[in-house]
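Dear colleague,

I am handing over the structure we spoke about, and below it you will find my notes on what was found. Please read them with the structure open beside you.

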Amino acid sequence: MHKRERMARNFIRTYGYKRFLQLLTMFQKNESGPAVGKKFNVSRERVRQWRKAFGVTITTYNIYPEVIELYEKMDES
């Protein structure tokens with residue numbers, strides 16, 4: 001059994017399946033560590049460990065259309 005799976009099983013054993021889904025939903029909504037910690041009565045460090053064990057955070061950078069348009073105009077010159 002992988003460490004992630006063991007952590008997930010331990011979480012479910014301690015808090016229950018519904019709370020596990022609640023935690024994952026909070027992570028998907030990118031709620032802060034202190035907010036999640038308060039909800040589960042744990043430290044921010046524990047929340048960080050859960051976040052790292054149960055998934056991956058991906059950040060994207062979207063360029064505004066007007067900036068792309070400006071770039072394209074400069075590229076034509």
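Let me begin with helix 5, where the number of buried residues is 0 out of 12, so this helix lies largely in the open. Please keep in mind throughout that this is a predicted model. The length of helix 5 also agrees with expectation, because 12 residues at 1.5 Å a residue should span 16 Å, and the end C-alpha atoms are 17 Å apart.

Helix 5 also holds one of the salt bridges, in which the side chains of E69 and K73 meet at 3.9 Å, N to O. These two residues are 4 apart in helix 5, which means that about one helical turn separates them. E69 counts as partly exposed because its relative accessible area is 45%, whereas K73, at 51%, counts as exposed, since the cut-off for that word is over 50%.

The structure holds 3 salt bridges, and the other two can be described in a similar way. In helix 1, R9 and E5 are 4 residues apart, again about one helical turn, and their side chains meet at 2.8 Å, N to O. R9 is partly exposed at 44% relative accessibility, and E5 is partly exposed as well, at 36%. In helix 4, R48 and E45 lie 3 residues apart, about one turn of the helix, and their salt bridge has an N to O distance of 2.6 Å. Here too both partners are partly exposed, R48 with a relative accessible area of 44% and E45 with 38%.

R48 appears a second time, as one of the residues that line the largest pocket, among them also H2, K3, M7 and Q49. Helix 1 and helix 4 are the elements that give two or more residues to this lining, and helix 4 gives the most, with 5 residues. The volume of the largest pocket is about 160 Å³.

Finally, please look at the loop between helix 4 (44-54) and helix 5 (65-76), where T57 is found. T57 counts as exposed, because its relative accessibility is 53%, and although T57 and N30 are 27 residues apart in sequence, their C-alpha atoms are 8.6 Å apart in space. I63 has its place in the loop between helix 4 and helix 5 too, and at 49% relative accessibility I63 counts as partly exposed. Together with Y61, Y64, V67 and I68, I63 forms a nonpolar patch on the surface, with about 590 Å² of accessible area in total.

With best wishes

Key. Residues are numbered from 1 along each chain as its sequence is written. This is a predicted model: local features need pLDDT of at least 70, side-chain atom pairs count only at pLDDT 80 or more; totals for chains, interfaces and linings use all residues. Side-chain values use heavy atoms; hydrogens and water are left out. Buried means under 20% relative accessible area, exposed over 50%, partly exposed in between (1.4 Å probe, protein chains only). Patches are made of residues with over 30% relative accessible area and no salt bridge: like charges are joined within 9 Å, nonpolar side chains (Val, Leu, Ile, Met, Phe, Trp, Tyr) within 5 Å. Accessible areas come from the Shrake-Rupley method with a 1.4 Å probe; for residues, only the protein chains shown count as cover. A salt bridge is a side-chain nitrogen of Lys or Arg within 4 Å of a carboxyl oxygen of Asp or Glu. The expected span of a helix is 1.5 Å times one less than its number of residues. On a 1 Å grid over the protein atoms alone, a cavity is a set of points where a 1.4 Å probe fits but cannot get out, and a pocket is an open set with protein on both sides within 12 Å along at least five of seven lines; lining residues have an atom within 4 Å of a point. Grid points are joined across faces, edges and corners, and a volume is the space filled by probe spheres set on the points.
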